[in-house]
Amino acid sequence: MDNCGACHFESGEGAQRVFPRLAEASVVNAANADALLHVILAGAATPSTERAPSVLPMPGFAERMDDAEVAELATFLRQGWSNQAGAVTPEQVRVVRNSMANTH
């Protein structure tokens, strides 16, 4: 909650049109958790548009969290609130982390 709660809130609802909701989010509940793991590891940013030029970044946690910690966080997100997606293993995180390292 220290890393996520300020933007996504304890409720997982996020801030409409600013920070995405985690409750019932498709990326959180997808059958394949790779996209969620990529966001946790690499971070993300809102696009800059003419109507909303500010870019709001989410930091990546690849340097701050090991594979087990990322798996625990992803599982919490996938099973918290009304989400009912499957658990994530450290091995799944390791595969995504390695694929990111090989593409950068």
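Modeller: Before we start, helices here are DSSP runs of H or I with at least four residues, numbered from the N terminus. On that count, E24 sits in the loop between α1 (5–8) and α2 (26–29). Bear in mind that this is a predicted model.

Biologist: Okay, E24 then. What makes E24 count as exposed?

Modeller: Exposed takes a relative accessible area over 50%. E24 has 55%, so the residue counts as exposed.

Biologist: And what is the phi of E24?

Modeller: Near 65°, which is positive even though the residue isn't a glycine. Most residues other than glycine have a negative phi.

Biologist: Where is W81, and what is its phi?

Modeller: W81 is in the loop between α4 and α5. Its phi is near 55°, another positive value in a residue other than glycine.

Biologist: Why is W81 called partly exposed?

Modeller: Buried means under 20% and exposed means over 50%, with partly exposed in between. W81 has a relative accessible area of 32%, so partly exposed is the right label.

Biologist: How many aromatic pairs are there?

Modeller: The count comes to one aromatic pair. The partners are F76 and W81.

Biologist: What makes the pair of F76 and W81 edge-to-face?

Modeller: Two values go into it: a pair of aromatic rings is described by the distance of the centres and the angle of the planes. Centres within 6.5 Å make a pair, and planes over 60 degrees apart make it edge-to-face. F76 and W81 come out at 5.7 Å centre to centre with 65° between the planes, so edge-to-face fits the rule.

Biologist: Why does F76 count as partly exposed?

Modeller: F76 has 43% relative accessibility. That falls between the 20% and 50% cut-offs, so F76 is partly exposed.

Biologist: On to the helices. How do you know that α3 is oblique to α4?

Modeller: Helix α3 (residues 34–42) and helix α4 (residues 67–79) pack at an angle of about 125°, and their axes are 11 Å apart. Roughly perpendicular covers 65 to 115 degrees, and roughly antiparallel starts over 145. The angle is in neither range, so α3 is oblique to α4. The crossing of these two helices is right-handed.

Biologist: Which residues make the contact of α3 with α4?

Modeller: From α3, L36, L37, I40 and L41; from α4, V70, L73, A74, L77 and R78. By class, the residues in this contact are eight nonpolar, no polar and one charged.

Biologist: Why are α4 and α5 called roughly perpendicular?

Modeller: They pack at an angle of about 110°, with axes 8 Å apart. The range for roughly perpendicular is 65 to 115 degrees, so α4 and α5 get that name. Here too the crossing is right-handed.

Biologist: Which residues of α4 and α5 meet?

Modeller: D67, A68, V70 and A71 in α4 meet P90, V93, R94 and R97 in α5. The contact has five nonpolar, no polar and three charged residues.

Biologist: At what angle do α3 and α5 pack?

Modeller: About 65°, with axes 10 Å apart, and the crossing is right-handed. In α3, D34, L37, H38, L41 and A42 meet Q92, V93, V96, R97 and M100 of α5. That contact divides into six nonpolar, two polar and two charged residues.

Biologist: Now the loops. What makes A62 partly exposed?

Modeller: A62 has 22% relative accessibility. Buried would need under 20%, so A62 counts as partly exposed. The residue lies in the loop between β2 (57–58) and α4.

Biologist: Which residues is A62 in contact with, leaving aside its neighbours within four places in sequence?

Modeller: I40, L41 and R97. A62 and V39 are 23 residues apart along the chain, with 9.7 Å between their C-alpha atoms.

Biologist: Last one: why does Q84 count as exposed?

Modeller: Q84 has 75% relative accessibility, and exposed is anything over 50%, so the label holds. Q84 is in the loop between α4 and α5 (90–103). Setting aside neighbours within four places in sequence, Q84 is in contact with N29 and R78. Q84 and V28 are 56 residues apart in sequence but 9.5 Å apart in space, C-alpha to C-alpha.

How values were computed. Residues are numbered from 1 along each chain as its sequence is written. This is a predicted model: local features need pLDDT of at least 70, side-chain atom pairs count only at pLDDT 80 or more; totals for chains, interfaces and linings use all residues. Side-chain values use heavy atoms; hydrogens and water are left out. Axes are lines fitted to C-alpha atoms, for helices over the stretch in contact, and angles run from 0 to 180 degrees between N-to-C directions. Angles under 35 degrees count as roughly parallel, over 145 as roughly antiparallel, 65 to 115 as roughly perpendicular and the rest as oblique. A crossing is left-handed if the near helix is turned anticlockwise from the far one by less than a right angle, and right-handed if clockwise. Contact means heavy atoms within 4.5 Å. Ala, Val, Leu, Ile, Met, Phe, Trp, Tyr, Cys and Pro count as nonpolar, Asp, Glu, Lys and Arg as charged, and the others, Gly among them, as polar. Rings of Phe, Tyr and Trp (its six-membered ring) pair if their centres lie within 6.5 Å; planes under 30 degrees apart count as stacked, over 60 as edge-to-face and the rest as tilted. Buried means under 20% relative accessible area, exposed over 50%, partly exposed in between (1.4 Å probe, protein chains only).
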